[in-house]
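Trainee: Could we read a model together, taking one feature at a time, with the general idea before the particular case?

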Amino acid sequence: MISKTVEIALNKQVTIEAESSQIYLAMACWAEAKGLEGVAQFMYKQSDEERVHMLKIVKFINERGGNAYISELKAPNVSFNNFKEMFQELHDHEVFVSESINDLVHITLQERDYATHNFLQWYVTEQIEEEAQARAILDKINLIGDDKGGLYLFDRDIQQLTVYN
Ligand code: OFO
């Protein structure tokens with residue numbers, strides 16, 4: 001059974017994961033409209049993954065005797081000056097999500113809720129990977145600069161990251 005404090009904190013994370021899914025869906029649409037097919041596919045996959053992150057928490061809350069609350073969501077940013085700005089936003093958002101997971105882990109320790117603490121370790125590991133991936137993509141974008149040929153290859157190569165696992 002989870003405490004009210006943990007239930008509220010987990011529900012806040014449900015909203016953050018749902019908003020993450022919307023943020024990346026908006027990025028997928030922007031990229032698709034610009035003809036960046038590989039980037040669009042990558043963002044669609046990111047969006048799907050965030051929905052899975054959200055669902056895992058929803059199910060956990062309900063299984064542990066709490067009530068998952070499905071809330072209203074903040075509208076995502078839908079336009080970007082360029083694809084670098086978009087990936088910078090993805091990176092910064094993942095850093096924000098990691099901080100939020102850390103806060104959540106901290107609350108479970110204060111509440112002596114070791115079951116939820118254990119459950120959240122998956123998210124801690126996931127955030128290490130997501131931040132590393134976002135940084136690696138930004139490094140590639142910085143290498144390309146304004147080179148159109150580079151952008152073409154980047155759009156093709158990023159598709160390799162879209163294999164579902
Ligand atoms: Fe990419 O954030 Fe979920 O956990």
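Mentor: What follows is a reading of the overall fold, then one helix pair, then an annotated site and two residues of the second helix. This is a predicted model, in which local features need pLDDT of at least 70 and side-chain atom pairs count only at pLDDT 80 or more, while totals for chains, interfaces and linings use all residues. Residues are numbered from 1 along each chain as its sequence is written.

Trainee: How many helices and strands does the protein chain have?

Mentor: Helices (H or I, at least four residues) and strands (E, at least two) are DSSP runs, numbered from the N terminus. Here the protein chain has five helices and zero strands, giving the pattern α-α-α-α-α along the sequence, and its C-alpha trace spans about 55 × 25 × 25 Å along the principal axes. UniProt, in an unreviewed entry, places the feature "domain: Ferritin-like diiron" at residues 1–145; that span is 80% helix and 0% strand, with its end C-alpha atoms 52 Å apart. Such annotations may be inferred rather than shown by experiment, and the positions are given in the numbering used here.

Trainee: At what angle do helix H1 and helix H2 pack?

Mentor: Axes are lines fitted to C-alpha atoms, for helices over the stretch in contact, and angles run from 0 to 180 degrees between N-to-C directions. Angles under 35 degrees count as roughly parallel, over 145 as roughly antiparallel, 65 to 115 as roughly perpendicular and the rest as oblique. Helix H1 (residues 4–33) and helix H2 (residues 37–63) pack at about 165°, with their axes 8 Å apart, and H1 and H2 are therefore roughly antiparallel to each other. The residues of this contact between H1 and H2 divide into 16 nonpolar, seven polar and five charged, where Ala, Val, Leu, Ile, Met, Phe, Trp, Tyr, Cys and Pro count as nonpolar, Asp, Glu, Lys and Arg as charged, and the others, Gly among them, as polar.

Trainee: Which residues does UniProt list for "binding site"?

Mentor: The unreviewed UniProt entry lists Glu17, Glu50, His53, Glu94 and Gln127. They span 111 residues in sequence, yet no two of their C-alpha atoms are more than 13.0 Å apart, so they gather at one spot.

Trainee: Is Glu94, one of those listed, buried or exposed?

Mentor: A residue is buried if 20 or more other C-beta atoms lie within 10 Å of its own, exposed if 12 or fewer, and partly exposed in between, with C-beta atoms placed from the backbone. Glu94, which lies in helix H3 (residues 83–110), is buried, with 21 other C-beta atoms within 10 Å. His53, found in helix H2, counts as buried with 23 C-beta neighbours inside 10 Å. Two residues are in contact if their C-beta atoms lie within 7 Å; leaving out residues up to four places away in sequence, Glu94 touches Gln127, Glu130, Glu131 and Ala134.

Trainee: Where is Phe42 found, and which residues does Gln41 touch?

Mentor: Phe42 is found in helix H2 and is buried, with 25 other C-beta atoms within 10 Å; setting aside neighbours within four places in sequence, Phe42 is in contact with Ile158, Leu161 and Thr162. Gln41 also has its place in helix H2, but is partly exposed, with 18 other C-beta atoms within 10 Å. Not counting residues up to four places away in sequence, Gln41 touches Gln159 and Thr162.
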